[in-house]
2 protein chains.
Amino acid sequence: MRIEVICTGDEVLTGKIVNTNFSYITQKLEDVGLSVAWETTVGDDRESLLLAFQLAGQRADAVIVNGGLGPTVDDLSQEIAAKAAGVELVLDEGWLEQMEAFFRRRNRIMPPNNRKQAMLPEGAEVLDNPVGTACGFAVDIGRARFYFTPGVPRELRRMLEEQIVPRLLAKSGLQATIYLKRFHSYGIGESHADALLTGIEEIDPDGAVKLGFRAHYPQLETKLTVRGKDMEDVRRRLEPVEREVRKRFGNFILAEDDQTLERVVLDELQQRRASLALVEMFTSGQIAARLVHLSGAEKVIRRGVVALDIAEVCAAVGWNQAEPITRIDREAAEAVALAARAATGATHALAVLIDLDEGTDRIDFGASVCLAIVSGHDAVSRRSRIVGGRDWVRLGAVELGLDCLRRYLQDLPVDERIDFEKV
Amino acid sequence: MRIEVICTGDEVLTGKIVNTNFSYITQKLEDVGLSVAWETTVGDDRESLLLAFQLAGQRADAVIVNGGLGPTVDDLSQEIAAKAAGVELVLDEGWLEQMEAFFRRRNRIMPPNNRKQAMLPEGAEVLDNPVGTACGFAVDIGRARFYFTPGVPRELRRMLEEQIVPRLLAKSGLQATIYLKRFHSYGIGESHADALLTGIEEIDPDGAVKLGFRAHYPQLETKLTVRGKDMEDVRRRLEPVEREVRKRFGNFILAEDDQTLERVVLDELQQRRASLALVEMFTSGQIAARLVHLSGAEKVIRRGVVALDIAEVCAAVGWNQAEPITRIDREAAEAVALAARAATGATHALAVLIDLDEGTDRIDFGASVCLAIVSGHDAVSRRSRIVGGRDWVRLGAVELGLDCLRRYLQDLPVDERIDFEKV
């Protein structure tokens, strides 16, 4: 089945906004085993829209159109859809009522120009939008079924997942139940991960499990797409494969599915009613920033400190020993973490210090990251050299700090070698 | 002149990466008064590429193709360009030499598969790539001139600006000299800014100055595109208009052109050999994060502290008065900033405290932001209510804190009302 996507709107065509809706749509389809063959972007202009609809209607079996369903004069999707389909625009009484109810619930009266959003091509199938006033719809143009979706991202997402993906799967004749299992890891590069998981797809004798990756440095997302008769069949097929992935990746899996590294760390701390102090030297406070905005953080995060040289770091944590710390190494990180824990009364402290290379930023610019984690009963530390330019080093140091904290809280070794460090 | 863009590559078509190259290309063209009429994305697949080239060649006068110039087997742009143009692929000796020199300068030997990058359609015009091995080129397909560019963003950018934009301007018959002047502001919404600048384009009697906006909350970018015979003519036309923009926006202009708010703040501090302590309560340390990674920050930023409740904030800055601070207001912000300045020995301190609404996150969730700036000779403070959900409030509070610091350092009032606050 050939699927195309048409994105509409002057804001996208002129680059005022980056087209993240398209990458969302195509990823969602890939996740259920469907592929987009062609994408077209046109502006809010009748001639271009009509031509784009006609061309896609000649080539494709299914077309997703995004945008142009709003109440203003530059929203033209329904009008041009009707023209391309060779039908009239007619008022959909059902959608009009739904819109009026939508405004009533918000104690507002529907402005007259919203009525336009209930004008659909005659014979169109309504695609529900439970979170907005833009009515989705499906209609045939040429040899393709066209699915019209709103440009507002959260409205698009609901409609795509609940209304359109099931229709596309049914149309494609693919088995109805598809499940996406995701693992998040840090420290294994994509090609290494690929090699580690050699043969994993063959565990399922029917080839119903497909492996994929999405790298967003520093983390790697590993995806298993599983097809089955029903959810029970999917679970049965997935179980031996996910067990094997967990075994081969071992301690490198930091979260699964919708979980995040920072949420896992915060949950571990919360479960033991622990509190945390953070000291950061080069990471601009980005470790704190990843944790502080999460719900429940106010009970856990005691204090975060950022300073740019070691003397200032020591002053900030109230280091009052006769011997000043001048060298950045594992011992210094432990001493700083201990002092931060003492100064704040937190149960745990993480210190991430850094010894940067000399000179200007360049692709082989690097640093030694020295980090330590202390709690009431012990202290651990690690030293890693990371290269790749200042921003790259900063990203790596943030992830390394958070991931070592996760490992410490889960009783896993914090010094396992990662692919991104130099030896 | 009708311009189209074709983006190629499975990574873009499957959503593995978001297509920021397209928004970059179309913005750059808009900035010089050119418009993109149509965009197509296709994968690394011969049939789709050929069809996309043929269709665009029928419709457009100029087509920019992005991607597919690499050394691997899935890089097909030269091959399909030759086929669509009806010519052979021939080795470009000049580019082969340039590539070999490129590798020699890096003390490496050119791998054999890079030779493919010097195979161009016969008669193609070479577009130089001073920062990579992918050779850009221009060739006629159908009635359009096609410009082929590399997918690597920094290579694309150089080639677009230095090689392609001048050719497009010449081809379009637009006057050769076009200049883009940009103003960055915080606190004025787009429609308010538009109203403030009414009639600004008419200052130039020949209509050679065009006004535009790009909103990236919380900042607004105001753009003046000026066309002239030469740079002197451009400057003469721009001068009265930019003077008027500065007058109407007044203190709200925080930076111009490539300058940023954080760079302006850091430069102001650096010029007076000042140093800064930061205390943040809800902004996750994002104010510190904006400043700390800039070059020169190590001489200026003394310490940043993040804490989530006022008692912990006070402990972190060593508040040792008999009376504890319990209420979050302007006086509390001043007291905290004073204590932070004293504790760190910095010349300046900024404290941003927050009094959040009760309850869960929602679209009308808000907060009172109380901030204070102190230096050796005085203290200023401000209280603003911002609503729009937690993330929105956080973004607003970061910008407000930084911008008030900019105003303080530039001897401007820190309490001017902004469009994003409720009264």
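Biologist: How many bridges join strand β9 of chain B to strand β11 of chain B?
Modeller: In this predicted model, β9(B) covers residues 177–186 and β11(B) covers residues 219–228, and the two strands run antiparallel. Within β11(B), B:T225 is the residue that stands opposite B:L180. The number of bridges that join β9(B) to β11(B) is ten.

Biologist: Through how many residues does a hairpin join β10(B) to β11(B)?
Modeller: Strand β10(B), residues 209–216, pairs with β11(B) in the antiparallel sense, and this pairing extends over eight bridges. B:H216 stands opposite B:Q219 in β11(B). The hairpin that joins β10(B) to β11(B) does so through a number of residues equal to two.

Biologist: Is α3(B) oblique or roughly parallel to α4(B)?
Modeller: Helix α3(B), residues 46–59, and helix α4(B), residues 77–85, have axes that come within 10 Å and cross at roughly 50°. Angles under 35 degrees count as roughly parallel and those from 65 to 115 as roughly perpendicular. The crossing of α3(B) and α4(B) therefore counts as oblique.

Biologist: Is the crossing in which α3(B) passes α4(B) left-handed or right-handed?
Modeller: The axes of these two helices of chain B cross at roughly 50°. The sense in which α3(B) passes α4(B) is right-handed.

Biologist: Which residues of α4(B) make the contact with α3(B)?
Modeller: On the α3(B) side, the contact is made by B:R46, B:L49, B:L50, B:F53, B:Q54 and B:G57. By class, the contact of α3(B) with α4(B) has six nonpolar, two polar and two charged residues. The residues that α4(B) brings to the contact are B:I80, B:A81, B:K83 and B:A84.

Methods: Residues numbered from 1 in each chain as written. Chains lettered and ligands numbered in written order. Predicted model: local features only at pLDDT ≥ 70, side-chain atom pairs only at ≥ 80, totals over all residues. Pairing = 2+ DSSP bridges. Helix = DSSP H or I, 4+ residues; strand = E, 2+ residues; numbered from the N terminus. Axes fitted to C-alpha atoms, helices over the stretch in contact; angles between N-to-C directions. Parallel < 35°, antiparallel > 145°, perpendicular 65-115°, else oblique. Left-handed = near helix turned anticlockwise from the far one by under 90°. Contact = placed C-beta atoms within 7 Å. Nonpolar A, V, L, I, M, F, W, Y, C, P; charged D, E, K, R; others polar.
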